[in-house]
Amino acid sequence: MLSNDDRFAISELLNRMAYYYDEGHLDELSACFADDAIMSMQISGDDMVGPFESRDNIMELYRGAKSTQTDVRRHNVTNVMFDTSGDTPEVTSYLTLFATENSETKLLTTGVYRDQVAQFGSEWKIIRRHIDLDRAY
């Protein structure tokens, strides 16, 4: 069972991750993943991308994506729900991704984050992340 403080801390973790990516604070984003974290992605039900195993490999993906962007991104994380029935807490949340370029803001995609989290000392970290995007962008 997660306490309200734990639920808040995990929700804050997801929000910080979105902010860190958008603002280019990739070292801080990296610290949100466990060393042996695993991440995968599926776009519009197509083939699976990944898994990317280890924080370093996950961050290679994030750093590569960030280095090619010319727009300003805003990842919005909402509808955070917790499942504590298993050995590790699972967190499901919605993603809404906006981009602004040349004074025009548009919706890039929506999706679902499916995360497993674990506590390391007093900090919660992502140990497994799967992203289902509703469409490519």
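**View 1. A hairpin of 6 residues takes strand 3 into strand 4.** This is a predicted model, and the close-up starts with two of its strands. Strand 3 covers residues 72-83 and strand 4 covers residues 90-101. The two run antiparallel, with 10 bridges joining them. For a single rung to zoom in on, try His75, whose bridge partner in strand 4 is Leu97.

**View 2. Strand 4 also pairs with strand 5, residues 104-120.** Here the count is 12 bridges, and the pair is again antiparallel. Leu97 turns up once more, this time with Thr109 as its bridge partner in strand 5. So what sits across from Leu97 on each side? Leu97 is bridged to His75 and to Thr109. As a reminder for anyone following side chains along these strands, in a regular strand they alternate between the two faces of the sheet.

**View 3. The turn between strand 4 and strand 5 has 2 residues between the strands.** Which residue in this hairpin takes a positive phi? That's Asn102, with a phi near 55°.

**View 4. Ile43 belongs to strand 1, which spans residues 33-43.** Is Ile43 buried, exposed or something in between? Its relative accessibility is 24%, and buried would need under 20%, so Ile43 counts as partly exposed. Leaving out residues up to four places away in sequence, Ile43 touches Leu133, Arg135 and Ala136. Gly111 is another residue to pick out in this view: 68 residues separate it from Ile43 along the chain, while their C-alpha atoms are 8.9 Å apart.

**View 5. Zooming back out, the chain has 3 helices and 6 strands.** Read from the N terminus, the elements go α-α-β-β-α-β-β-β-β. The radius of gyration is 15 Å, close to the 14 Å that the globule rule gives for 137 residues, so the chain is as compact as a globular protein of that length. Along the principal axes, the C-alpha trace spans about 45 × 30 × 30 Å. Of the contacts between residues at least 6 apart in sequence, 51% join residues at least 24 apart.

**View 6. The surface of the chain comes to about 7,900 Å² exposed.** Carbon and sulfur atoms supply 46% of that area. Buried residues, for their part, make up 38% of the 137 residues. On the charge side, there are 13 positive and 24 negative side chains. How far apart do the centres of the two sets lie? The separation is 4 Å.

Technical notes:
Residues are numbered from 1 along each chain as its sequence is written. This is a predicted model: local features need pLDDT of at least 70, side-chain atom pairs count only at pLDDT 80 or more; totals for chains, interfaces and linings use all residues. Side-chain values use heavy atoms; hydrogens and water are left out. Helices (H or I, at least four residues) and strands (E, at least two) are DSSP runs, numbered from the N terminus. The radius of gyration is taken over C-alpha atoms; the globule rule is 2.2 Å times the number of residues to the power 0.38. Buried means under 20% relative accessible area, exposed over 50%, partly exposed in between (1.4 Å probe, protein chains only). Contact means heavy atoms within 4.5 Å. Accessible areas come from the Shrake-Rupley method with a 1.4 Å probe; for residues, only the protein chains shown count as cover. Lys and Arg count as positive and Asp and Glu as negative; His and the chain ends are not counted. The place of a charge is taken as NZ of Lys, CZ of Arg, CG of Asp or CD of Glu. Two strands pair if DSSP finds at least two bridges between them.
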